[in-house]
Amino acid sequence: MGATASTSDDNQDSVKTSSSASEKDESSKKAASESIEKDKESSSIAAASSQAEASSKAKQESIAASVKASSEATAASEKAAHDASVRDASISESRARDASNAAAAQQQAQTVVAPDPSPAPAENSNDTNAGGISGYRWAIQDGFTWQTRKGHSRRIAPGGALPAGYHWQVP
């Protein structure tokens, strides 16, 4: 019985050994499973983090695009307002200039040259006038007299018209 007892002890040892080996296998499987689970969690955390970063980056780009569009719209609006004010100023300036020109033209049209109160010299039967030149008459610039006429008088041919700003003078 001694041999049987030792065999049974050996069997028990081998059962214990195999049971401890199977426990070790289970433990290592469990550790591997936990390790896989941790890897899955960390990869899902990394994926979530990557998605969060991408989402954050997309939001920042969207905000930047929105700010850029807003500033461009503001600049375009300001330019349009400036152009409109320049155009309005130009139009009002043009209208003022036209009104001024019209008023000046009207005033000039209303200004009438007063006829010379001094009568034209009568034609002599011998066809001479003052100054002794046959047929010619003297036109003196307004504001001057026969005595002060030097450089301010003209001889007008027979039948010639009196220039504006002159009067007939009989010496």
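# Salt bridges, strands and rings

Me: Arginine 97 and glutamate 93 are four residues apart in helix H1, which puts about one helical turn between them. What makes their meeting a salt bridge?

Reply: First, a caution: this is a predicted model. In it, the side chains of arginine 97 and glutamate 93 come to 3.6 Å, N to O. The cut-off for a salt bridge is 4 Å between a side-chain nitrogen of Lys or Arg and a carboxyl oxygen of Asp or Glu. The pair is within that limit, so the name fits.

Me: Why can side chains like that pair at all?

Reply: Opposite charges can pair when the charged atoms come close.

Me: Is arginine 97 buried, exposed or partly exposed?

Reply: Its relative accessibility is 44%. Partly exposed covers the range between 20% and 50%, so arginine 97 belongs there.

Me: How many salt bridges does a search of the whole structure find?

Reply: Two. Besides the arginine 97 pair, lysine 79 meets aspartate 83 at 3.1 Å, N to O. That value is also within 4 Å, so it counts as a salt bridge. Lysine 79 and aspartate 83 sit in helix H1 (residues 2-110), four residues apart, or about one turn.

Me: Why is lysine 79 called exposed, and what makes aspartate 83 partly exposed?

Reply: Exposed means over 50%, and lysine 79 has a relative accessible area of 52%, so it passes. Aspartate 83 has 34%, so it lands in the partly exposed range.

Me: What else is there besides a helix?

Reply: Three strands go with the one helix, and the order from the N terminus is α-β-β-β.

Me: How do you know that E1 and E2 pair?

Reply: Pairing needs at least two bridges. E1 (residues 137-141) and E2 (residues 153-156) have four and run antiparallel, so they pair. One example is alanine 139, whose partner in E2 is arginine 154.

Me: What about E1 and E3?

Reply: Three bridges join E1 to E3 (residues 166-168), again antiparallel, so they pass the cut-off of two as well. Here isoleucine 140 stands opposite histidine 167.

Me: How many aromatic pairs does the search find, and why is the pair called edge-to-face?

Reply: Just one turns up. The rings of tryptophan 138 and tryptophan 146 have centres 5.8 Å apart, with planes at 80°. Centres have to lie within 6.5 Å, and planes over 60 degrees apart count as edge-to-face, so this pair meets both conditions.

Me: Why is tryptophan 146 called buried?

Reply: Buried means under 20%, and tryptophan 146 has a relative accessible area of 15%, so it qualifies. For the protein as a whole, 6% of the 171 residues count as buried.

Me: Where does the charged end of arginine 137 sit?

Reply: Over the ring of tryptophan 168, 3.9 Å from its centre. The distance cut-off is 6 Å, so arginine 137 meets it. Arginine 155 has its charged end over the ring of tyrosine 136, at 4.5 Å from the centre, so that distance passes too.

Terms used. Residues numbered from 1 in each chain as written. Predicted model: local features only at pLDDT ≥ 70, side-chain atom pairs only at ≥ 80, totals over all residues. Heavy atoms only, no water. Buried < 20%, exposed > 50% of the residue type's maximum accessible area, 1.4 Å probe, protein only. Phe/Tyr/Trp six-rings, centres within 6.5 Å; stacked < 30°, edge-to-face > 60°. Lys NZ or Arg CZ within 6 Å of the ring centre and 35° of its normal.
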